[in-house]
Amino acid sequence: RDFGIYVVNLFDTGRAARALPHFSSAGLAYLLGRYAGVEADKKHQLSDWRQRPLPDEMAAYATSDTTYLLDIYDRVKLELQSHPDPDSSITSVLNDSKKVCLIRYDKEPFRPSGYTNIISSKRNKRKRSTSLYPRHESVLKELYDWRDRTARDLDESLHYISPNSALLRIATMCPRTVGALQGLINPCPPLVVRCSDEILRLIKQ
């Protein structure tokens, strides 16, 4: 969509799973387990897929992640066809999938207070009050600023640098060593690994 390409007849398995109320998740890992009895390996979920040539291990990972997709498509489609709710129809899923195709990426402007949204997001997920000690909130702000600077310097996405959940975990635990820092997140984002010393300095400030 950012290169002038429009995908026709996309069937988004995630949208399909969300349309079926008896599904407990919309993720591919759940669908693999439900229909193929396969436990998804997310070892390379945060790996750098731009490298060429791809290592054999990563190529095998990509292949295994898509091997069952056509079967999943057929099985989910059958469930949609037998579901009485019109909002859970194939037509509804295809319309939602079409909307996905129309989404364009816009780089999010930096908001200095944006780190507070990470805290409130966790609070909403837990459905109860969640707060950080002032020290931890200060560390989270430093990590939030570091992530934005690093993303802009390297022209990377914020999520590739570090997802919000990882920033929050680091800020909450305040690790003191490289081993402790990298052990907090599994898998640990490559940029967190590379910048471990810099992150530890931010925590100590």
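These legends accompany several close-up views of a predicted model. Local features need pLDDT of at least 70 and side-chain atom pairs count only at pLDDT 80 or more, while totals for chains, interfaces and linings use all residues. Residues are numbered from 1 along each chain as its sequence is written, and side-chain values use heavy atoms, with hydrogens and water left out.

**Figure 1. The overall fold has twelve helices and zero strands.** Helices (H or I, at least four residues) and strands (E, at least two) are DSSP runs, numbered from the N terminus. The C-alpha trace spans about 60 × 45 × 35 Å along its principal axes. Of the 205 residues, 34% are buried, where buried means under 20% relative accessible area, exposed over 50% and partly exposed in between (1.4 Å probe, protein chains only). Taking contacts (heavy atoms within 4.5 Å) between residues at least 6 apart in sequence, 62% join residues at least 24 apart.

**Figure 2. Here is the largest nonpolar core, with 29 residues.** A nonpolar core is a set of buried Ala, Val, Leu, Ile, Met, Phe, Trp, Tyr and Cys residues joined through side-chain atoms within 4.5 Å. Leu140, Leu143, Trp146, Ile170, Val192, Ile199 and Ile203 touch the most other members. Helix α7 (134-154) is among the elements giving two or more residues, and its six residues are the largest share. Look for isoleucine 199, which touches Leu143, Trp146, Ile170, Leu181 and Val192, not counting residues up to four places away in sequence.

**Figure 3. A second, separate core has 13 residues.** Its members include Phe23, Tyr35, Val76 and Leu80. Two of the residues named here, Phe23 and Tyr35, are also touched by glutamate 79, as are Leu20, His22 and Arg34, not counting residues up to four places away in sequence.

**Figure 4. Arginine 34 and glutamate 79 form a salt bridge.** A salt bridge is a side-chain nitrogen of Lys or Arg within 4 Å of a carboxyl oxygen of Asp or Glu; in this pair the closest N and O atoms are 3.5 Å apart. Arginine 34 lies in helix α2 (residues 28-36) and glutamate 79 in helix α4, so the pair ties together parts 45 residues apart in sequence. Glutamate 79 counts as buried at 18% relative accessibility, whereas arginine 34 is partly exposed at 36%.

**Figure 5. Aspartate 148 and arginine 152 meet in a salt bridge within helix α7.** The N to O distance is 2.9 Å. Four residues apart, the partners are separated by about one helical turn. Aspartate 148 is buried, with a relative accessible area of 11%, while arginine 152 is partly exposed at 39%.
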